[in-house]
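Dear colleague,

I am passing on a structure that I would like you to look through at your own pace. Please open it first, and then read the notes underneath with the model in view.

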Amino acid sequence: MNHTYRPKSPISVPESKWFGWMSMVWSGICPACGHGMGVIPALTCLYCALDLRCASELDCGNMREELSWRIPVQDASALWMAPSGSVAEALYKALKFGGKRHLGSPIGAMMADHRDGWHPPPHRVIPVPLTPKRMWSRGYNQAAELANGMASRWGIPLLEYALRRKEGGLNLARLGRRERFVKAATDFEHGTSPASLVYSQDLAGLRCLLVDDVMTTGATLEQCGKLLVERGALLSVMVLARKLGK
Ligand SMILES: [Zn+2]
């Protein structure tokens with residue numbers, strides 16, 4: 001497999017391999033700006049698609065640098081860079097807070113293809129978990145939706161319950177950078193479901209890809225990653241969007 005960089009267009013066209021997924025996503029309304037999208041199935045309208053900026057090899061290298069002094073990470077990558085007010089930010093917020101669950105799996109497949117440009121596929125895909133309460137109120141875990149799209153694309157196991165987020169934590173989105181590091185240090189633990197216990201013995205020596213929707217300070221990825229490394233996993237991380245600025 002060739003792992004050199006292959007730039008990907010964020011725009012879907014009928015003859016591309018995205019056509020099938022985009023057909024499922026398409027609802028006629030752009031999830032980023034709310035305008036009509038015409039007759040060609042696509043993730044966003046043309047104007048929003050032009051605003052999406054894929055993370056470059058350099059962007060991903062910087063992410064890895066930022067994380068590698070905190071956790072032993074093999075590689076780190078993102079699909080999009082998300083400055084404040086960008087379309088990428090609107091899309092991850094639509095998935096996370098706007099109930100657009102159907103965006104998760106096809107965007108996850110895009111993330112898998114974007115990562116394929118640089119790195120070999122992992123053996124396991126593991127999403128950052130939500131608290132049970134948040135899961136109940138939202139109805140789905142957006143990171144698990146993305147991870148599911150990636151796992152399906154590669155045909156590998158998705159370990160949705162390998163990690164657990166403790167109940168009673170504060171919402172990280174409302175905290176400052178410094179507070180996030182302190183808070184996230186106590187928010188996660190190993191999964192306790194029967195399935196996760198079985199799988200937890202299988203992580204040693206395997207390339208495990210930790211998936212989240214957005215990376216701001218990396219505090220969440222750091223704490224979850226530490227738990228996976230404790231189990232002997234060869235850790236990589238990928239997010240839908242690397243948030244820039246406040
Ligand atoms: Zn739009």
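The notes below go from the whole chain to the sheet, and then to the core and one loop residue.

Please keep in mind throughout that this is a predicted model. The chain has 10 helices and 7 strands, and of its 246 residues 46% count as buried. If you take the contacts between residues at least 6 apart in sequence, 74% of them join residues at least 24 apart.

A good place to begin is the open sheet of 5 strands, whose order is E1-E2-E7-E6-E3 and whose pairing is mixed. Strands E1 and E3 form its edges, each pairing on one side only. Strand E2 (residues 73-83) runs parallel to strand E7 (residues 234-244), and 9 bridges join the two; within this pair, Ser-77 stands opposite Met-238 of E7. Helix H4 (residues 87-96) packs on the sheet, where it touches E2, E6 and E7, and its direction makes about 105° with that of E2. Helix H10 (residues 219-230), for its part, lies across E2, E3, E6 and E7 and runs at about 165° to E6.

At the edge strand E3 (residues 124-127), you may want to ask which residues lie on each of its faces, and whether they are buried or exposed. Arg-124 and Ile-126 are on one side, Val-125 and Pro-127 are on the other, and all four are buried, which leaves both faces of E3 covered. As a general point, the side chains in a regular strand alternate between the two faces of the sheet. Strand E3 is joined by 4 bridges to strand E6 (residues 207-215), with the two running parallel, and the bridge partner of Ile-126 in E6 is Leu-210.

Both Ile-126 and Leu-210 appear again in the largest nonpolar core, which has 62 residues, and they are among those with the most contacts inside it, as are Ala-78, Ala-147 and Val-211. This core draws at least three residues from each of domain 1 (11-51) and domain 2 (53-244). Leaving aside residues up to four places away in sequence, Ala-147 touches Gly-108, Val-125, Ile-126, Pro-127, Leu-158 and Val-211.

Finally, consider Leu-52, which sits in the loop between helix H2 (46-51) and strand E1 (53-54). Why does Leu-52 count as buried? It does so because 21 other C-beta atoms lie within 10 Å, and the cut-off for a buried residue is 20 or more. Leu-52 and Glu-89 are 37 residues apart in sequence, while their C-alpha atoms are 9.5 Å apart in space.

With best wishes

Conventions. Residues are numbered from 1 along each chain as its sequence is written. This is a predicted model: local features need pLDDT of at least 70, side-chain atom pairs count only at pLDDT 80 or more; totals for chains, interfaces and linings use all residues. A nonpolar core is a set of buried Ala, Val, Leu, Ile, Met, Phe, Trp, Tyr and Cys residues joined through C-beta atoms within 7 Å. A residue is buried if 20 or more other C-beta atoms lie within 10 Å of its own, exposed if 12 or fewer, and partly exposed in between; C-beta atoms are placed from the backbone. Domain bounds come from an automatic or database domain assignment. Two residues are in contact if their C-beta atoms, placed from the backbone, lie within 7 Å. Two strands pair if DSSP finds at least two bridges between them. Axes are lines fitted to C-alpha atoms, for helices over the stretch in contact, and angles run from 0 to 180 degrees between N-to-C directions.
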